[in-house]
Amino acid sequence: MSKISEVEQIAQIYQSHIIKGWERLYQIKIKKLYQLLFQYYTGDTALEMGCADGESTKYIVQHFKIIDIVDGSKSQLENIKSQYSQVNIIHSLFEDFKPDK
């Protein structure tokens, strides 16, 4: 099995099992993390490494004009792109990603 296939399989498990029943706690955790990190946001460009279900992305898109998102799961990226048309999605494993900016 390729690494990309493994990532896709993990993403599906993550979506269907791990979060079930814990959605509210997860959302609160992400919001608190965002509030903590917000003070360090500068510029108009962001790079999100791993979008998962987009819980963090919904905060990031409020503050940046250009958002590049790297994730190994194509299905997660497609889900994010359907929610936020202004993001640029990059299907890649982190270790293979080579930024052009």
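These legends walk you through a predicted model, one view at a time.

**View 1. The whole chain, with 4 helices and 3 strands.** Welcome to the overall picture. Starting at the N terminus, you can follow the elements in the order α-α-β-α-β-α-β. Along its principal axes, the C-alpha trace spans about 40 × 35 × 25 Å. The radius of gyration is 14 Å, which agrees with the value near 13 Å for a compact globule of 101 residues.

**View 2. The surface and the interior of the chain.** How much of the chain is buried? Buried residues account for 32% of the 101 residues. On the outside, the chain exposes about 6,800 Å², and carbon and sulfur atoms supply 57% of that area. Contacts also tie together parts of the chain that are distant in sequence: among those between residues at least 6 apart, 42% join residues at least 24 apart.

**View 3. A nonpolar patch on the surface, formed by Leu33, Leu36, Leu37 and Tyr40.** Together these four residues have about 420 Å² of accessible area. Look for Tyr40 in the loop between helix 2 (23-37) and strand 1 (45-49). Is Tyr40 buried or exposed? Tyr40 has a relative accessible area of 61%, and because exposed means over 50%, it counts as exposed.

**View 4. A cluster of aromatic rings.** The structure holds 5 aromatic pairs. One of the pairs is Phe38 with Tyr41: their ring centres are 5.8 Å apart and their planes stand at 70°, so this pair is edge-to-face. Here is a handy way to read such a view: a pair of aromatic rings is described by the distance of the centres and the angle of the planes. Both partners are partly exposed, Phe38 at 37% relative accessibility and Tyr41 at 26%. Which residues make up the cluster? Ring pairs link Tyr34, Phe38, Tyr41, Tyr59 and Phe64.

**View 5. Val7 and its contacts from elsewhere in the sequence.** Val7 belongs to helix 1, which covers residues 3-18. Leaving aside residues up to four places away in sequence, Val7 touches Gly72, Ser73 and Leu93. Take a moment with Ser73: it lies 66 residues from Val7 along the chain, yet the C-alpha atoms of the two are separated by 5.8 Å. Val7 has 25% relative accessibility, so it counts as partly exposed.

Conventions. Residues are numbered from 1 along each chain as its sequence is written. This is a predicted model: local features need pLDDT of at least 70, side-chain atom pairs count only at pLDDT 80 or more; totals for chains, interfaces and linings use all residues. Side-chain values use heavy atoms; hydrogens and water are left out. Patches are made of residues with over 30% relative accessible area and no salt bridge: like charges are joined within 9 Å, nonpolar side chains (Val, Leu, Ile, Met, Phe, Trp, Tyr) within 5 Å. Accessible areas come from the Shrake-Rupley method with a 1.4 Å probe; for residues, only the protein chains shown count as cover. A salt bridge is a side-chain nitrogen of Lys or Arg within 4 Å of a carboxyl oxygen of Asp or Glu. Helices (H or I, at least four residues) and strands (E, at least two) are DSSP runs, numbered from the N terminus. Buried means under 20% relative accessible area, exposed over 50%, partly exposed in between (1.4 Å probe, protein chains only). The radius of gyration is taken over C-alpha atoms; the globule rule is 2.2 Å times the number of residues to the power 0.38. Contact means heavy atoms within 4.5 Å. Rings of Phe, Tyr and Trp (its six-membered ring) pair if their centres lie within 6.5 Å; planes under 30 degrees apart count as stacked, over 60 as edge-to-face and the rest as tilted.
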